[in-house]
Each structure stands twice: as C-alpha cells, then as structure tokens.
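Let's take a walk through this structure together, starting from the inside and working outwards. Keep the 3D view open as you read.

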Amino acid sequence: MGLLLELGYPTVAELERAARALTARRPGLCALRRIGVSRAGRPLRLLSVGHARRAVLVVAGAHANEPTGGSTVLALAERVVREQRLRTGVSWHFVLCADPDGASLHRNAAPRTLLDYHLGFFRPAGPEQPEWSPSVLPPDRLPPETHALLGVLDELRPYLQVTLHGTDLGGSWVQLTKDVPGLAEPFAKSAAELGIPVEMGASDAAGWPVSGPGVFVMPRPDGHPAYPSMPDDARHSTWYHAHRHGGLTAVVEVPMWASDLVDDTAPHPAPAAALRHLARRLLAEAGQVEGVLSEALPRLSGPEGPLLRAARWALALVPGLARDWVDGPPAGLTTAYVGSVDAFGRRLPLRAAAMLLRVLREAGDPGVPHLEGLVAEWCESFADRFRARWVPLADQVEHQVRTVLAAASHAGGDVR
C-alpha cells in the first residue's frame with residue numbers, strides 16, 4: 001500500500017492486483033469475487049474481509065474524477081486484516097471501483113496542479129454514473145454497474161454503507177442518509193490533525209440539517225431538494241437503498257487541494273448580490289464553452305462519445321442551477337456557503353471545457369487553442385481564489401480511513 005501511495009492514485013488493475021495479493025496472504029479471511037460487469041465488459045470486484053453476518057460495505061470509484069477512494073479501500077482492508085478487533089462481529093466488504101469504464105477515461109494518476117488534473121478530466125453524464133442513475137433513469141434502463149451495487153446491498157444488507165468521494169478543491173465533509181450521533185467529533189479531530197479544513201457550508205448540502213461541523217444529514221426522499229433544477233437528486237440515488245434493510249449510507253468527501261476559506265460560518269454581508277454575481281458568471285463562462293462547442297459540432301464526425309456526452313450534460317445543468325441560486329437561496333447564508341457556491345460555479349464550465357478539449361484534440365479541431373486558453377485561465381483563477389494547497393495522498397487516505405472507522409463504530413449503536 002505504501003508503494004501505491006508514493007506512485008499516486010492507483011489504476012483499477014493495480015487495485016485488483018493488490019486485492020489479490022491480500023487474499024493470497026490471508027485466504028481463510030479474505031475473498032475477492034466478481035459482482036458484475038460494466039457496460040464495456042470490465043469486471044466489478046468485491047473484496048471481503050471476515051465472515052460475520054453483520055456487514056459494512058465500502059464503495060470506491062463511483063465518480064471517476066474522485067480517485068482517492070481506491071487507495072482508501074486498500075488501506076482499510078489492510079488495517080481490518082491486521083487488527084482483529086475491527087472485525088469482531090462485523091465483516092467488511094469493499095467495492096474496488098464502482099465505475100471502471102469511467103476510471104479508464106479519467107487520466108491523471110499523479111496531478112500536481114489543477115491544470116494537470118483537468119487535462120485528463122472525465123466525469124460521466126448523470127445517467128452513466130452508477131450511484132446517481134436511479135435518480136434520472138427508469139428502473140428498466142439502469143446501467144449494469146448500478147444493478148451490481150443494488151445487488152450487493154440486497155445480498156449483504158449492511159448496517160452501514162460508506163461511499164468514498166472527493167472534491168478537487170475545498171474541504172472535507174460527510175453526508176448521511178440518517179444521523180449518526182457522535183460522528184462529528186472524531187471526524188473534526190481527524191481533519192484538524194491532518195491539516196484538512198472542514199467544509200462548513202457545502203453547497204451540496206444546502207438547507208440540510210447539521211449533525212455537527214461538516215456533517216450533514218440528507219433530507220428524506222419525500223422532502224424538498226436544495227436545487228430543484230438538478231436532475232441527479234441524492235434522495236433517489238443508491239445511497240437510500242440501504243434503508244430497505246435497516247441500514248444507512250455515509251458519503252465521505254475529502255479534497256485533493258485544500259482551501260482554508262471554506263470554514264467561515266460568519267453571515268455573509270450581501271448574500272443575494274453575491275449569488276446573483278455568481279449566477280451571471282456561471283452563465284457567461286458556460287456560454288463561452290457552448291460557443292466553442294457550437295462551432296466545432298459540424299466538424300466532428302462519428303457517434304457522440306462519453307466525453308462529449310458528459311460535457312453537454314454539464315452545460316445543460318447551468319441555466320437551471322443559475323436560477324436556483326437566485327430564486328431560492330436558503331435562509332441565513334454564511335460566507336462558507338457562498339464560497340462553496342463560488343467553487344461549484346467554477347467547476348461546471350471548467351469541467352465541460354476540459355472534456356470538450358479532449359474531444360477536440362483527438363479530432364485535431366481548430367477550436368483547440370482557444371479552449372486550451374480557457375481551461376488554463378480558469379484553473380489558475382480557481383487555485384488563486386481559494387489559495388489551493390495540495391493535500392498529500394497519504395493524508396487524504398488516512399482521513400477517509402479514520403472517518404469510515406468512526407462511522408462504523410458510531411452507527412453500530414442507536415442510529416437515528
């Protein structure tokens with residue numbers, strides 16, 4: 001595991017080799033099996049440690065652009081094997097990568113700048129994301145990766161599912177489908193020890209109940225979404241499937257680059273004006289990408305691939321999201337929340353531009369130089385605005401490991 005951390009984020013093949021090696025060392029304790037195949041025929045693997053019926057399921061790689069989880073599941077599995085107390089009465093199960101097709105398209109094993117990260121960026125369109133697809137597709141059109149996740153949840157019936165996510169730039173936070181009393185304290189302690197800021201006003205969790213600093217409880221499936229225009233609604237994702245068996249899901253987010261500007265809980269002095277400004281900027285930057293896309297489309301031949309589908313999906317979210325920010329902001333907006341919206345507004349057009357750039361480069365399109373300039377300019381502006389500082393991969397992983405173990409411990413009691 002130490003060697004993998006030194007080399008950067010492991011590939012799916014490296015994750016599988018490490019899991020096989022662990023299973024070979026402890027064949028009576030560990031098992032590695034296939035739980036499904038991707039749309040492109042890649043296997044989805046589950047590593048299990050222990051044999052107790054009471055289970056924790058940990059999912060990595062649900063979003064291709066959030067690579068930390070793969071390293072975390074290996075570190076967690078090694079620790080559970082090493083420390084018998086962690087598996088007393090509990091078995092642990094690790095999905096090595098929920099979207100191997102997406103992982104094959106996100107190409108930056110060891111990024112050192114935001115520009116490095118975005119030049120190999122890929123995040124699928126919503127219907128192609130295994131955890132999100134149930135919120136945007138009917139049951140008969142769900143991708144096989146989603147069926148694999150749902151099947152494992154039905155088979156294991158875990159009291160806790162933890163899905164490992166991340167953000168490019170910002171802080172760490174946790175999203176829960178039910179409250180886990182006591183989790184906020186060890187989560188905050190871990191972040192402080194590792195120098196990782198806690199995201200106090202995550203825009204993803206706008207208006208949600210707060211269990212503690214950086215720990216947010218999702219609304220019930222019949223509640224009102226924070227952003228009504230967004231089609232990929234967390235309340236209808238695979239995260240809530242654990243509730244059918246009496247369990248819950250924790251989503252653990254960790255940044256690749258940290259910003260110390262995400263934890264200011266002071267009221268923002270002029271939130272409405274700030275959100276109007278951010279909405280205008282979002283529309284303007286997305287419009288620049290749309291302009292490049294409109295000019296290039298007649299020159300592109302062949303079927304629309306996943307990169308272009310994803311870029312168009314991101315751009316399609318922009319008009320509604322801009323309206324949501326202006327029309328329905330939650331009450332009592334903090335400086336941290338407005339900053340989180342600022343970051344979110346920078347990501348959407350930047351990601352669309354980065355994926356479109358890859359498409360145009362492959363096609364040798366004349367629109368490449370202009371788009372290269374936009375991507376470089378927006379990456380630099382994003383990093384400067386939030387004073388980005390790299391979080392060592394070992395610290396990203398250690399924080400997720402600690403948070404998963406704390407969630408497993410506290411969720412084992414009275415889960416509300």
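**From the cavity outwards**

Sorted by class, the residues lining the largest cavity are 25 nonpolar, 11 polar and 10 charged. Before going on, bear in mind that you're looking at a predicted model.

So what is this cavity? The structure holds one cavity of 30 Å³ or more, and the volume of the largest cavity is about 840 Å³. Its lining takes in 46 residues. If you want to find the middle of it in your viewer, pick out Arg123, Trp132, Asp204, Met230 and Phe344, the lining residues that lie nearest the centre.

Which parts of the fold supply the wall? Strands E5 (160-170) and E6 (173-176) each give at least two residues to the lining of the largest cavity, and helices H9 (306-327) and H10 (335-363) each do so as well. H10 gives the most, with eight residues.

Let's stay with the strands for a bit, beginning with E6. Its side chains split two ways: Trp173 and Gln175 point to one side, while Val174 and Leu176 point to the other. Are these four buried or exposed? All of them are buried.

E6 has pairing partners to look at, too. With strand E9 (residues 248-258) it pairs in the antiparallel sense, over four bridges. You can check the register by eye: Trp173 stands opposite Glu253 in E9, and Gln175 stands opposite Val251 in E9. With strand E8 (residues 215-217), E6 pairs in the parallel sense over three bridges. Here Val174 is the residue to click on, as it stands opposite Val215 in E8.

Now move over to E9. This strand is mostly covered, with 11 of its 11 residues buried. E9 also runs parallel to E5, and 10 bridges join the two. At one point along that pairing, Gly170 stands opposite Ala258 in E9. E9 pairs with strand E10 (389-390) as well, this time in the antiparallel sense and over two bridges. Ala258 turns up again here, standing opposite Arg389 in E10.

From E10 it's a short hop to a backbone oddity. Arg387 lies in the loop between helix H11 (368-385) and E10. Phi of Arg387 is near 50°, which is a positive value in a residue other than glycine. Is Arg387 buried or exposed? At 61% relative accessibility, Arg387 counts as exposed, because the cut-off for that class is over 50%.

Arg157 is another residue to check for this. Although Arg157 is not a glycine, it has a positive phi of about 50°. You'll find Arg157 in the loop between helix H6 (144-156) and E5, so have a look there on your way back to the strands.

Next, the cysteines. How many disulfides are there? The count comes to zero. As a reminder, a disulfide is a covalent bond between the sulfur atoms of two cysteines. Take Cys30: the closest cysteine sulfur to its own is in Cys97, 20 Å away, so the two are too far apart for a bond. The cut-off used here is 2.5 Å between cysteine sulfur atoms. Cys30 is buried, with a relative accessible area of 4%. Cys379 is buried too, with a relative accessible area of 2%.

Two helix residues round off the tour. Leu283 is found in helix H8 (residues 271-296), and at a relative accessible area of 42% Leu283 is partly exposed. What does Leu283 contact, leaving aside its neighbours within four places in sequence? Its partners are Val318, Pro319 and Ala322. For a sense of distance, the C-alpha atoms of Leu283 and Tyr227 are separated by 16 Å, with the two residues 56 apart along the chain.

Lastly, go to helix H2 (residues 12-25), where Glu14 has its place. Glu14 is partly exposed, with a relative accessible area of 25%. Glu14 and Ser71 are 57 residues apart along the chain, and their C-alpha atoms are separated by 10.0 Å.

How values were computed. Residues are numbered from 1 along each chain as its sequence is written. This is a predicted model: local features need pLDDT of at least 70, side-chain atom pairs count only at pLDDT 80 or more; totals for chains, interfaces and linings use all residues. Side-chain values use heavy atoms; hydrogens and water are left out. Buried means under 20% relative accessible area, exposed over 50%, partly exposed in between (1.4 Å probe, protein chains only). Contact means heavy atoms within 4.5 Å. On a 1 Å grid over the protein atoms alone, a cavity is a set of points where a 1.4 Å probe fits but cannot get out, and a pocket is an open set with protein on both sides within 12 Å along at least five of seven lines; lining residues have an atom within 4 Å of a point. Grid points are joined across faces, edges and corners, and a volume is the space filled by probe spheres set on the points. Ala, Val, Leu, Ile, Met, Phe, Trp, Tyr, Cys and Pro count as nonpolar, Asp, Glu, Lys and Arg as charged, and the others, Gly among them, as polar. Two strands pair if DSSP finds at least two bridges between them.
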